[in-house]
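Thanks, everyone, for making the time this morning. Please have a look at the display, and then I will walk through the cysteines and the two sheets.

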Amino acid sequence: MQPHCYKVYISYARSNIVHSTMNISKSGYRVFSANSTTACTELAKKITERLGVDLGKSVVYQESNRETRVDVKESVRGQDIFIIQTIPRDVNTAIMELLVMAYALKTNCAKNIIGVIPYFPYSKQCKMRKRGSIVCKLLASMLAKAGLTHIITMDLHQKEIQGFFSFPVDNLRASPFLLQYIQEEIPDYRNAIIVAKSPSAAKRAQSYAERLRLGLAVMHGEAQCSESDMADGRHSPPPMSSGRTTSGHPGLELPLMMAKEKPPITVVGDVGGRIAIIVDDIIDDVEDFVAAAEILKERGAYKIYIMATHGLLSAEAPRLIEESAIDEVVVTNTVPHEVQKLQCPKIKTVDVSMILAEAIRRIHNGESMAYLFRNITVDD
């Protein structure tokens, strides 16, 4: 896909939204926000402005005992209802708000209830780890039970998560907007190289590199005491005490597996004298990104950008970014992060309300969603 095609893609979506506003009053759909905090309703307001509709009238609040209460202030009978829920730091409260509102709308005879959840929570807990659980599957079941019939989301952490749901899931991509930012906002981006922070992110990085006609570098290795140390089962099973006996056959001896040992972080590819652009889907705890930036600086990269769809930026992330070798962190507004931007001017935001609004319009009108996935590959 040629670089100028992203501008055509975005302008086409904009024109469709404008043309659709002529019949909004007879549209038969409503858009609600399920958030009780003002900061989390900003994306919902931008989406409704693009659609030319008013945000649905409802009250979402926490009672003194922290129970969630939702009051819908207008009729939703027989209509398509879209619930926009952005996820703040208080993830569990946001989930409960979404569930209670969906059930309230179901009880009030809404025709279809579509959840617009740009960042899907618990998406990292989508695999079985030791004696844990697949929480993402549990959440999918809860949403279905509450009454949701469809979900619009963006850049799921693992695309296989769509299989957890018993109803349709549209997993939109932020890559056209991030690619456009690179082309328009990064001076001399032709001298850049796309970097995968780990081998698991290599496919996403390769997709960016191919679309921008740039080189690719991959970082390999890990810091000590990383998340994978605790999750890969290298210390399981625990040693047996002398007083216990095994239930297996006494003569059974399994082949001895050598412990996994990854080398220190290294870079496969030449980044000397280049702009390094690290791409990922989520940036939360930034220690790994800061360590990667230090390595890239040592290898000769003179500017370092981080591009990610979801900017959770938890804990001390703004301070660590400000004090690091990272020049700029670019994220979309799927997650509210205005407070973090005040703490760290290196954080920049790309607005994706346009594609979310266009998805809402197409779903309600029964139009194909194929255009929103045009030239999108599995690796994006």
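Let me begin with a definition: a disulfide is taken here as a pair of cysteine sulfur atoms within 2.5 Å. This is a predicted model, in which local features need pLDDT of at least 70 and side-chain atom pairs count only at pLDDT 80 or more, while totals for chains, interfaces and linings use all residues. Residues are numbered from 1 along each chain as its sequence is written, and side-chain values use heavy atoms, with hydrogens and water left out.

How many disulfides does the rule give? The count comes to 0. For Cys 126, the closest cysteine sulfur belongs to Cys 136 and lies 6.0 Å away, which is too far for a bond. Cys 126 also counts as buried, because its relative accessibility is 11%, where buried means under 20% relative accessible area, computed with a 1.4 Å probe on protein chains only. Cys 40, at 4% relative accessibility, is buried as well.

Now to the sheets, for which helices (H or I, at least four residues) and strands (E, at least two) are DSSP runs numbered from the N terminus, and two strands pair if DSSP finds at least two bridges between them. One open sheet has 5 strands in parallel pairing, in the order β1-β4-β5-β6-β7. Its edges are β1 (29-33) and β7 (169-172), and since each has a single partner strand, one side of each is left without a neighbour in the sheet. Strand β6 (residues 150-154) runs parallel to β7 and is joined to it by 4 bridges, with Thr 153 standing opposite Asn 171 of β7. Helix α11 (residues 353-365) packs on this sheet, touching β1, β4, β5 (112-117), β6 and β7, and its direction makes about 160° with that of β6; contact means heavy atoms within 4.5 Å, and angles run from 0 to 180 degrees between N-to-C directions of axes fitted to C-alpha atoms, for helices over the stretch in contact.

The other open sheet is mixed, with 7 strands in the order β10-β9-β8-β11-β12-β13-β14. Here β10 (266-268) and β14 (347-350) are the edge strands, each pairing on one side only, and the twist from one strand to the next averages 30°. Strand β13 (residues 328-332) pairs with β14 in the parallel sense over 4 bridges, and Val 329 has Ile 347 of β14 as its bridge partner. Finally, helix α5 (residues 175-185) lies across β11 (275-283), β12 (303-311), β13 and β14, at about 155° to β12.

Definitions and conventions. Buried means under 20% relative accessible area, exposed over 50%, partly exposed in between (1.4 Å probe, protein chains only).
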